[in-house]
Amino acid sequence: MPNNMQEFANDIAPWLKKVQADYAEVRLEEGKSGRISYRGKLLEVASRTADSGGCVRALYKGGWGFVSFNSLDELRNKLNEAVSLAHMAQKGQKSILADVNVHHQDIKPNTSVTPFDTPLAAKKEVLDQYNEIIWEHKDLQTSMLGYYESWKKKVFLNSQGSLIAQERADATLSMSAIAEKNGQVQQSSLSEGALGDPSKLFKLHGQIESHTQNAIDLLKAPAVVGGRYTVLLNPVIAGVFVHEAFGHLSEADFLYENPQMQETMKLGTVFGKKYLTIIDDPTVPNLRGSYAFDDEGTPAHKNMLITEGVLTGRLHSRETAAKMSECPTGSARAINYRHQPIVRMSNTYIAANPQGPSTEEMIANIKEGIYVKNWYGGQTSMEMFTFSAGQAFMIRKGRIEEMLKPIMLSGNVFETLHNISAIGSDLSYCEGGGCGKGGQYPLPVADGSPHIVINNCLVAGA
Amino acid sequence: MEDILNLAKKQAQIAEVYYAKSSTTPVSFEAGALKSVEGKETELWALRLVKDGREGFAVTVGAAGKKELVNMALECAKFGQEVGYKLPSTAELPQVQTYDLLVEKVSTEQMMQNCQSLCDFVKELNGDIVPEAQIEKSSSSIHLINSEGFEGSYQSSDYGAYIGGTLVRGTDMLFLGSGESIVTAELDFDYMQKEVKRQYDWAIQSNKEVKSGFMPVIFTAEGFTASFMPSLLSSLNGKTVFMGASPLAKKLGEKIFDSCFSLTDAQTLNLRPASRPFDDEGTPSRNLALCQNGVLNNFIYDIKTAWQAGVNSTSSAARGGGNVSGASFTNLMIPNGKTPLKDMIAGIKEGLVVEKLLGAGQGNTLSGDFSGNVLLGYKIEDGQVTGRVKDVMISGNVFELLKEIGDMGSDGRFTDSFYTPSFMFPKVYVASQ
């Protein structure tokens, strides 16, 4: 009987090659995680989790069968089960797969340091420091503070002979400060993440302080008057914007079965001005959305989605690439072994514009507008998007003026991309994001952008 | 499970073991044709223990052994929260129907046929619509024991379907969709089809302009759930109340909303997927009136939050990823009004119907403020729905709007685990181009 994941993989590999299907793959995973959370001054939950399991996906005459399970002991039965489900599914769609080379790789983590090198109790000490900073403020109603760390090893093997092992560790930290006065409640939140070495999450004292103060300051801030404004977005919220507004639209699983949508998203279509370039790149070193192979065994690479204003690429799985006669992009990701891989983003960003204006110049050029920083979240329906900002300031006659209560920005993606009137050179990434799609949440991603200006953006109070 | 409990009791004073096992069979249709058939099984053990007054949690899924589970929880208990609550001992549990054997007996072929006819129905509305459908059956069993002698278990079944369609014309996109989830094998496919047809008929007439300003707005059950529930859920949660972050915190017994508004957490409702005989830490289920005729009656609590706040658990403990993560609602029910939806529409000279809202729960929900982009909404002109509205945002405050409800529909329906009718509010702010 095999006693670790690698042995289970070696054990099933010969059977996988003999499978009664056109294609089959096995994914095995083992992982552990830890969580500490605070509500107000009190520690709320300290917990540890160990999770292992696997899945098999099989394709037969165009139909997909998929099974997921926790026990690896009957792996061969599970393989047969997936194949028989695929036989059942053959009556429908004719799914096909684009070619991908066979790979044998053992990918180690990006650094030798992982969050698991120190006990959970040591992280609690840092969280206690953060909580002290938060609670030095008097007008605070409550707060939330959370730390999460995880380690995972995945083994992928398929009937074509690939065998890929990948290991990664990551950690996230989130905090919200909530202030209240006369029945009015305001909050300010921070969310950061790290791949591998978590030490940057333990040096956030300054940001914790400023977010706490921000929640209190929001109580005195006036609400925005809804309408259309010129908005200046800082890199954090511009990153959310590019992820929500454009990134999801470039995921080919929304296109490949929809001829009208393909027409709208035809490569070569002009989406913005010359200085707009949007990239999704899982190979940027050391970001939370980075990886070497996707969950179909396709090597990751840099994908140019918009180049100098023109649509030049999109994100594919093997299936969407085959159906659209394009190349797989290494973008098929599954949040864990319980799910089939679907087309997802990795590290998505607006490229820096070396000739672009500085933030000061951008502000100076705005007669009346809003400077938007920080974020709560965002959502998209392809055509329309919304995203909300925790920090906003009026800009009048080229100067930053009063702070506003949180606002929500919304619009039509196609119009809004054309309305980007300036892009700066100060690209930076936010790694606190978790993306949700098709019931798979939160997938680690990073978003990035320089400061950008959007004209004529629809704004409402959030 | 007893082994884990005994192992934990050797080192800890209080211990609780939770076990859940489930199997799910989803069938998915994309672009009108069968895409995949899946079989998913999962099993987890969760342990909570209190050692020397401090609490620790651990969860194992898959290969990890009993000892590892206990050791992980002990590691957490070294620095976990200091607690002084008691877990429930044996008690009489209410009878709740949570399981129907017939759901497991529904064949995959039957699910495929039903998906096909749902897709065909959408295709018949308009050949350019790309239809999708999912049907999923699942069954699970829950088992809970603790060091105070509680032991309980139940089985549940869940049968759900979703039908949707996307119509793209240039950059103009229309998303239609309706779904339902129940405990028995009797899904109301007719209703889902009628809903999608209504959405299509209302939206397809034309795209209508709206001027910014205040106007009467009708929220369908789905629209109301998206816009109003995030704030209601957080403000009625005992944890938010205890932390002082709920605007309703000091208003128990006060009239906070219009007299026509009542809200119940119906934990023992038969044949609903969210119902159960006891909550996730063994407190017997009950039906809890949260708000009656506009008067605020109750908040919801799990044992730990109740202990902190000096009240009793309302049998609302819920687990997230295995751990008890606080209190959560089961079936939230708002009783029907008297007016049919079409009569409500007929009474409006100029206004909106809001059906799907984008981004509603992502703002400052604690304050009651909501705003969102109307993903699917319609214009009312002279008492009739005349077409779709787009690029429109609505905003308001949940607590203010519920003080003066214009009208409530007789068309109550479950959206997930929320039962609500349509609502009409006479003055809601609408921002447009």
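Is A:S250 buried or exposed, and what is its relative accessible area? In this predicted model, A:S250 is buried, because its relative accessible area is 1% and a residue counts as buried when that value is under 20%.

**Figure 1. The surroundings of A:S250, a residue in a loop of chain A.** The loop that holds A:S250 lies between helix α5 (235-247) and helix α6 (259-264) of chain A. When residues up to four places away in sequence are left out of the count, A:S250 touches A:L305, A:R314 and A:L315. The legend therefore shows a loop residue that is buried, with a relative accessible area of 1%.

**Figure 2. Chain A as a whole, with its helices and strands.** The secondary structure of chain A consists of nine helices and 26 strands, and its C-alpha atoms fill a box of roughly 70 × 55 × 35 Å along the principal axes. The radius of gyration of chain A is 24 Å, which agrees with the value near 23 Å that a compact globule of 462 residues would have. Of the 462 residues in chain A, 65% are buried. Among contacts between residues at least 6 apart in sequence, 74% join residues that are at least 24 apart.

**Figure 3. The surface and the charges of chain A.** Chain A exposes about 16600 Å², and carbon and sulfur atoms supply 50% of this area. Chain A carries 45 positive and 50 negative charges, and the mean positions of these two groups are 2 Å apart.

**Figure 4. An aromatic pair in chain B, formed by B:W202 and B:Y378.** Over all chains, the count comes to 26 aromatic pairs. In the pair shown here, the ring centres of B:W202 and B:Y378 are 5.1 Å apart and the ring planes stand at 80 degrees, so the pair is edge-to-face, given that planes over 60 degrees apart count as such. The pair links distant parts of the chain, since B:W202 belongs to helix α5 (residues 189-204) and B:Y378 to strand β16 (residues 369-381) of chain B, 176 residues apart. Both B:W202 and B:Y378 are buried.

**Figure 5. A second aromatic pair in chain B, formed by B:F219 and B:F228.** The rings of B:F219 and B:F228 have centres 5.2 Å apart and planes at 85 degrees, and the pair is therefore edge-to-face. B:F219 is buried, as is B:F228. These two residues belong to one aromatic cluster, which also holds B:F224, B:F257, B:F261, B:F370, B:F399, B:F423 and B:F425.

Methods:
Residues numbered from 1 in each chain as written. Chains lettered and ligands numbered in written order. Predicted model: local features only at pLDDT ≥ 70, side-chain atom pairs only at ≥ 80, totals over all residues. Heavy atoms only, no water. Helix = DSSP H or I, 4+ residues; strand = E, 2+ residues; numbered from the N terminus. Rg over C-alpha atoms; globule rule 2.2 N^0.38 Å. Buried < 20%, exposed > 50% of the residue type's maximum accessible area, 1.4 Å probe, protein only. Contact = heavy atoms within 4.5 Å. Areas by Shrake-Rupley, 256 points an atom, 1.4 Å probe, with all protein chains shown as cover. Lys, Arg positive; Asp, Glu negative; His and termini not counted. Charge placed at Lys NZ, Arg CZ, Asp CG, Glu CD. Phe/Tyr/Trp six-rings, centres within 6.5 Å; stacked < 30°, edge-to-face > 60°.
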